[in-house]
Each structure stands twice: as C-alpha cells, then as structure tokens.
Amino acid sequence: MSSSSTEQTSRPNRLAAAAAVAGVEALGLLAGGVYMLVKALTDGTGDLTGALTGAVTLVALGLIPLAAARGLWLRRSWSRGPAVITQILALPVAWQMLQANSAMIPAGIALGVLAVTGLVLLVNPATTEALGIRRPGQDSL
C-alpha cells in the first residue's frame, strides 16, 4: 500500500472526535424524543398533542447532528455546517439548563462542555483540511 493511499484513508483524530461529539448529541436528542413520546403515550395526564409535538421535534432535531456525524466520519465537507450550527444552538440550551435549580445543572454542564469541544474540533485546521475546506486566503493548488 502506498503512502498516498494511506493519507487518503487516514482520519485525523480531531475529525473522529468531532464526529463522536455530534453523534453523542444526536443520541441525546433522539433519546429525549423517544422518552417524551413514551411518556406522552403512557401518562394519561397533560397535553398529549403538545407532548407528541415536542417528542417529534426532538427526534427530528436529532437527525441533523446524526447526519452531520456520519458526514464527518466519511469526510464530507458539507457536514461541518450542520455540525457547527448544532454546537452553536446547544450553547444557549446549556445556559438555560445551568439556570435551573435542579438536576438539569449537571446536564447543562455536560452539554456546554460538549458544545465548546465540538466547536473547537470543527474549526481546527486539521479538521478543515481533512474535509477539503479551504481557509480564507488559502490558494488553491
């Protein structure tokens, strides 16, 4: 195997970590949506329509970072945009969780750390290069 084919197939650790962060966020959203759906269907109290809408929304939102994680893993340049947007949207959610006086505080800390980590990994030059994204001012070869 030549070194050029090895370079094409190697995935930088930062890119793999960014894919993992997006995947964890996707799993969290999907799990939250499924939990809300099950709770809405089994709990006879409350607004069923609102709970179902919330559950479907969380599942749908979970598909975005899931697609981004897969795209990052496969080194698709389009995947960085949805992944960055997911991280940016996670920050105010984490902030709101931190404002609660409940068990949501540790979840807010975890989400905040995950979002900042994801952003740092996604803007890293090694990640950008692995995805074939040129930086501003970078000459095309």
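The legends below describe close-up views of a predicted model.

**View A. The largest nonpolar core.**
Twelve residues are joined in the largest nonpolar core, which has 12 members: Leu15, Ala18, Ala19, Val21, Ala68, Leu72, Ala83, Val84, Leu121, Leu122, Ala130 and Leu131. Helix H2 (13-42), helix H3 (48-73), H4 and H5 are the elements that each give two or more residues to this core. H2 provides the largest share, with 4 residues. As a general point, nonpolar side chains in soluble globular proteins tend to be buried together.

**View B. A nonpolar patch on the surface.**
Trp95, Leu98, Ile105, Ile109 and Val113 make up a nonpolar patch on the surface. Together these residues have about 460 Å² of accessible area. Helix H4 (80-99) and helix H5 (104-123) each supply at least two residues of the patch. H5 gives the most, with 3 residues. One of the patch residues, Ile109, is placed in helix H5. Ile109 has a relative accessible area of 47%, so it counts as partly exposed, a class that lies between the limits of 20% and 50%.

**View C. Leu91 and Ile88 in helix H4.**
Leu91 is located in helix H4. With a relative accessibility of 32%, Leu91 is classed as partly exposed. The C-alpha atoms of Leu91 and Val113 are separated by 9.1 Å, and the two residues are 22 residues apart along the chain. Val113 is also one of the residues of the nonpolar patch in View B. Ile88 is found in helix H4 and is partly exposed, at 47% relative accessibility. Between Ile88 and Asp47 the C-alpha separation is 30 Å, for residues that are 41 residues apart along the chain.

**View D. Arg11 and the ring of Trp73.**
Arg11 lies over the face of Trp73, at a distance of 3.7 Å from the ring centre. A search of the whole structure for aromatic pairs finds 0. Trp73 also serves as a reference point for Gly23: their C-alpha atoms are separated by 10.0 Å, with their positions 50 residues apart along the chain taken as the sequence separation. Gly23 lies in helix H2. At 16% relative accessibility Gly23 is buried, because the limit for that class is under 20%.

**View E. Arg75 in the loop between H3 and H4.**
Arg75 belongs to the loop between H3 and H4. The phi angle of Arg75 is positive, at about 65°, although this residue is not a glycine. Most residues other than glycine have a negative phi. Arg75 has a relative accessibility of 25% and counts as partly exposed.

**View F. Lys39 in helix H2 and its separation from Met104.**
Lys39 lies in helix H2. The relative accessible area of Lys39 is 42%, and the residue is therefore partly exposed, being neither under 20% nor over 50%. From Lys39 to Met104 the distance is 18 Å, C-alpha to C-alpha. In sequence, Lys39 and Met104 are 65 residues apart.

Key. Residues numbered from 1 in each chain as written. Predicted model: local features only at pLDDT ≥ 70, side-chain atom pairs only at ≥ 80, totals over all residues. Heavy atoms only, no water. Patch = residues over 30% accessible without salt bridge, like charges linked within 9 Å, V, L, I, M, F, W, Y side chains within 5 Å. Areas by Shrake-Rupley, 256 points an atom, 1.4 Å probe, with all protein chains shown as cover. Salt bridge = Lys/Arg side-chain N within 4 Å of Asp/Glu carboxyl O. Buried < 20%, exposed > 50% of the residue type's maximum accessible area, 1.4 Å probe, protein only. Phe/Tyr/Trp six-rings, centres within 6.5 Å; stacked < 30°, edge-to-face > 60°. Lys NZ or Arg CZ within 6 Å of the ring centre and 35° of its normal. Core = buried A, V, L, I, M, F, W, Y, C linked by side-chain atoms within 4.5 Å.
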